[in-house]
Structure formats: structure tokens, C-alpha cells
Amino acid sequence: MEIPSCFLLVGLLSYSCAHTDFFTSIGHMTDLLITEKDLVTSLKDYIRAEETKLDQVKEWAEKLEHLTNTAVKDPEEFLGHPVNAYKLMKRLNTEWGQLESLVLKDMSDGFISNLTVQRQHFPNDEDQTGAAKALLRLQDTYNLDTDTISRGNLPGVKHKSFLTVEDCFELGKIAYSEADYYHTELWMTQALRQLDDGELSTVDAVSILDYLSYAVYQQGDLDTALMLTKRLLKIDPEHQRANGNLKYFEYIMTKEKDSNISTSTSDNETEQSNKTKKKGRPDDYLPERKKYEMLCRGEGIKMTPRRQKKLFCRYYNANGNPKYILAPTKQEDEWDRPRIVRFHNIISDEEIEKVKALAMPRLRRATISNPITGVLETAHYRISKSAWLSGYEDPVVEHINKRIQDITGLDVSTAEELQVANYGVGGQYEPHFDFGRKDEPDAFKELGTGNRIATWLFYMSDVAAGGATVFPEVGAAVWPKKGTAVFWYNLFASGEGDYSTRHAACPVLVGNKWVSNKWIHERGQEFRRPCNLSEL
């Protein structure tokens with residue numbers, strides 16, 4: 001039997017290559033809200049102008065209706081009055097022309113002009129796709145079902161926001177365009193469910209079933225694909241692609257049935273097992289994905305009660321630094337191996353706002369260093385925008401740098417500039433190392449300051465849900481708290497890299513995450529943290 005050629009679905013979406021990266025920074029997205037507010041104000045001005053024009057036309061129509069109703073009762077008597085005759089000539093020669101001009105007057109010029117100007121700063125298709133993928137990422141990371149997201153039942157939200165049938169359908173289409181049939185099925189099923197529940201929509205069941213049946217088939221569930229296709233054909237019996245799919249599905253099922261008869265039960269079970277393996281999330285490039293996502297949810301943390309007892313909070317005088325003897329900082333042990341400490345109330349709200357104000361105009365899509373070429377490039381696993389601030393730019397930045405040096409005891413003159421980052425929709429930075437590994441000998445060669453010996457990370461905002469810093473190798477999780485900072489060494493005293501410091505910034509589920517960090521390098525630490533070859 002010949003396989004019907006009309007089976008394959010064609011791609012239904014296309015996206016432009018332009019890229020504005022709005023979705024990678026909540027801070028920059030707030031500007032879009034202001035733009036939209038301005039457009040709404042302009043739109044209401046346009047509506048008021050149209051209403052005023054319509055009121056004038058309505059007033060004219062009512063006046064003339066009364067006049068003509070009276071006049072046509074006895075036209076000769078009416079026009080026998082010279083004033084009425086004159087006014088008729090005047091109305092038809094002049095006033096109806098004025099009315100015509102009023103009706104033809106375009107009241108939308110101001111609104112259209114404003115919209116045209118603002119449209120230059122609108123997000124593009126790539127931003128919409130990026131935001132959609134962020135929702136799918138949050139769904140997976142935090143084990144959220146489609147109904148929970150669609151109904152806006154997210155932790156920490158003050159005002160619920162719902163997804164319509166159209167929204168769910170678009171999410172499914174974006175997943176489909178990426179050949180992600182797992183998420184296509186989930187969101188097309190949600191769209192169909194809401195449609196079946198009576199929600200009014202411009203999207204019809206035929207369109208949803210078309211995508212859904214194909215996505216299910218691609219995951220090896222032929223029975224369900226056949227059932228969905230039959231449901232589609234009940235609604236639209238002439239649907240060309242569905243008719244082709246139906247013939248193909250029946251052909252495949254007949255072929256499998258014949259094959260099952262000629263094979264043993266064990267072989268059949270193996271075949272069925274292989275077929276169902278295609279169900280579920282797509283294969284992932286990140287080997288520690290499961291562990292990483294569990295930690296993001298607060299699961300799988302490996303701190304035992306015995307080790308927990310050895311973690312303390314203390315007043316810390318920075319090893320006798322004169323500034324902190326009378327006013328020590330609050331230090332808390334977050335983890336033992338690697339040692340991660342948190343400093344509380346270490347940066348003020350005023351300093352945070354100043355740093356954010358300095359960084360905001362310079363925020364650009366965060367980049368990573370390509371381990372092979374060394375070139376800075378954007379990456380799908382780092383969704384944020386960042387800016388770099390030098391100490392000489394503002395006294396606040398200089399004071400922050402000096403504070404880091406005083407507390408850590410390390411020389412920050414060879415450190416990198418203060419990096420400020422704002423995370424976007426579902427913003428994250430998947431597991432990575434801060435230090436250069438042995439297979440990256442030239443990672444920081446151009447800086448001439450050696451490897452990154454330590455990391456200092458400020459949390460400049462609270463996060464309603466998600467956004468933890470996790471260490472998958474050791475099962476540690478550190479949660480954002482505004483005004484605090486965490487610190488750890490990336491290298492042992494021997495200079496060898498500490499691979500247990502591999503860490504990640506979990507996707508932000510709800511909220512706006514601001515951080516800033518200082519990467520401190522080896523040069524200048526020779527006497528501050530002497531090399532110890534006996535210590536790994």
C-alpha cells in the first residue's frame with residue numbers, strides 16, 4: 001500500500017530574524033508597560049475625539065429629523081415662508097458640505113502617529129517566542145501542569161493572570177515549530193479543554209486537533225492520534241490533511257497488527273516498549289538536569305542533620321579589620337563543602353537603587369565565553385541582561401568594591417568590574433563554573449590576572465518564587481534575600497579548581513531578580529591567601 005503523501009503537516013509559523021531581547025530582562029520590560037500605558041492614553045484620546053464627532057453628527061441628525069418631519073407634512077406651506085426657503089438653500093449648499101467634511105475628518109491621526117513611533121520599540125517575534133519558551137521552561141522546572149499556569153495559580157502572585165484558548169494554542173504552536181511535540185501535546189490539550197468547557201475563542205477545535213493529533217503521533221501514541229483525527233473529521237469531513245492522516249494511521253496499524261501476528265510476544269513487548277519511550281520531555285544536553293531542577297524546587301538538598309549542626313551564624317569582624325571590630329557584619333554559614341557564607345545587611349537599599357540606576361541604561365543580553373574560541377556570545381541557557389560598573393564611575397561602586405575587599409581580605413584591584421544582572425521571563429543561568437578549567441587554559445589570558453579565585457554575589461532584590469542559586473554537585477541551594485551577599489572560593493589553596501562549586505541560577509518563577517557579582521582573580525592574593533600544595 002502506498003503511503004499517502006499528504007500526511008506530513010507543514011510548518012505554520014515563521015519568525016523574523018530581528019532581535020531585541022526584551023524577554024531577557026524584567027527591568028527593560030517595565031519600559032514596555034509605560035509605553036503601553038502611553039498608547040492606551042492616546043487610544044482613549046482618539047475614542048473621545050470620535051465620540052465628540054459622533055455627538056455632533058447625532059445632534060445635526062436629530063435637529064434635521066425634527067425639521068424635515070415638520071416640513072414634509074405640507075411642503076408648499078413650509079416653503080411659503082421665505083426664511084424656510086432661504087435656510088433650505090443654505091443647508092443644502094453649505095451646511096451639508098460642512099457635515100460631509102466632519103464625517104470624513106480622520107480623528108485617528110494623533111493615535112496612528114504615536115503608534116507608529118512607539119512601534120519601533122516594540123518586542124518582535126523572537127521576544128514573543130523567547131517568552132513562550134520561558135513559560136515552558138518554568139513548567140518543566142517547577143513541575144507545573146498546564147491548567148495551573150493557565151489559571152494563574154502561581155505561588156507569590158498578587159493578581160492572577162489567565163491564559164485564553166488563543167494563548168494556549170500559540171504556546172503549542174511555538175513548541176511545534178521547535179519540533180517539541182511533548183509540549184505541543186500539553187498545550188494543545190489545554191486549549192482543547194478550555195474550548196470544550198465553553199470558553200469563547202477565535203481558534204476552532206479543528207485547528208487544535210490538527211496540531212494535537214500530529215504531536216501525539218510523533219510521540220508514538222498511534223491509538224490516540226487516530227482517535228483525535230476521527231474527532232476532527234466529524235467536525236470537518238472534508239479536511240484534506242486529516243483524511244490523509246487517517247489513511248496513513250490505519251495503514252500503520254494494519255502493518256503493526258500483521259507484524260504482531262508473525263512475531264513472538266516478547267518481541268512485541270520490546271517493540272511496544274521502544275514505541276512508548278518517545279513519550280515525555282525531549283532528550284536533554286544537560287546531564288544533571290533532573291538534579292538541577294529538583295534543587296530549584298527545594299527538593300534533593302543533601303544537608304544532613306549532623307552537618308547542619310556545624311553551620312552557625314556569627315558576628316564577623318573580617319579577621320580583625322578595624323572597620324568591623326566595633327561594627328561587625330552578620331555572617332551565616334550556608335554550606336560546608338564547598339564553604340558558602342552569606343553576609344546579611346551588607347548592601348543598603350539606597351546603594352542597590354544607585355547601582356540599578358547606573359546599570360539600567362547599559363543592560364545588554366548577558367554573554368558567555370565560548371570555551372573553544374574565547375569569543376563572547378549569547379546562549380539560550382543564560383537568560384538575563386547585564387552591565388559592568390567600574391569603581392571610578394561613582395563613589396557608591398567604589399565603596400562597594402572596598403567593602404568586598406575588607407570583608408574577604410582579598411585584593412580586588414585585579415578583580416573584574418562589578419557585574420550587574422537582571423533576569424528576564426523565566427530568567428536563568430544553567431549549571432556552569434566560574435573558574436577556567438584545565439581544558440580552557442586561555443580563559444582569562446587577556447586579563448593577565450590569573451584564574452577566578454573567588455565569587456562574591458549580591459542579591460539586590462527579593463524573589464517571590466524561584467530564582468535560587470543551586471550547586472548540583474553537592475545538593476546545595478541558596479535563596480535570594482535582598483541586601484545579602486554570598487561568597488565562596490572557586491579554587492583550592494593549591495590553585496586547583498574546586499569542581500563542587502559548579503552552580504546555576506534557577507529560573508525566576510514569579511518576581512524580578514537583580515544581582516551583582518564580583519569575580520576576584522588570583523593575582524594580588526599571593527600573601528593574602530598563600531598557596532598550600534598540601535591542600536586540595
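**Exercise 1.** In this predicted model, decide whether Asp140 is buried or exposed, and then work out which parts of the chain its salt bridge with Arg281 ties together.

*Solution.* Begin with the accessibility of Asp140, whose relative accessible area is 11%. Buried means under 20% relative accessible area, so Asp140 counts as buried. Next, turn to the partner: Asp140 forms a salt bridge with Arg281, and the closest N and O atoms of the pair are 3.6 Å apart. Locating both residues, we find Asp140 in helix 5 (residues 125-141) and Arg281 in the loop between helix 12 (265-276) and helix 13 (289-296), so the pair ties together parts that are 141 residues apart in sequence. Arg281, with a relative accessible area of 35%, is partly exposed. Finally, salt bridges that share partners join Asp140 and Arg281 with Arg289, Glu293 and Glu430 into one network.

**Exercise 2.** Find which residue forms a salt bridge with Asp21, and state how each of the two is classed by accessibility.

*Solution.* The partner is Arg365, and the closest N and O atoms are 3.3 Å apart. Arg365 lies in strand 4 (residues 364-365), whereas Asp21 lies in the segment before helix 1, so this salt bridge ties together parts that are 344 residues apart in sequence. For the accessibility step, Arg365 has a relative accessible area of 15% and is buried, and Asp21 is buried as well, with a value of 10%.

**Exercise 3.** Describe where Lys482 and Asp349 lie in the chain, and how their side chains meet.

*Solution.* The two side chains meet in a salt bridge, with an N to O distance of 3.8 Å. Lys482 is found in the loop between strand 13 (476-478) and strand 14 (484-489), and Asp349 in helix 16 (residues 349-359), so the parts tied together are 133 residues apart in sequence. Lys482 is partly exposed at 31% relative accessibility, and Asp349 is also partly exposed, at 44%. For the whole chain, the count comes to 30 salt bridges.

**Exercise 4.** Explain why the chain is described as more spread out than a compact globule.

*Solution.* Start with the secondary structure, which comes to 17 helices and 17 strands. The radius of gyration is 33 Å, while the globule rule gives 24 Å for 536 residues; the value for the chain is well over this, so the chain is more spread out than a compact globule. Along its principal axes, the C-alpha trace spans about 120 × 80 × 45 Å. As a last step, consider burial: of the 536 residues, 46% count as buried.

Note on methods:
Residues numbered from 1 in each chain as written. Predicted model: local features only at pLDDT ≥ 70, side-chain atom pairs only at ≥ 80, totals over all residues. Heavy atoms only, no water. Helix = DSSP H or I, 4+ residues; strand = E, 2+ residues; numbered from the N terminus. Rg over C-alpha atoms; globule rule 2.2 N^0.38 Å. Buried < 20%, exposed > 50% of the residue type's maximum accessible area, 1.4 Å probe, protein only. Salt bridge = Lys/Arg side-chain N within 4 Å of Asp/Glu carboxyl O.
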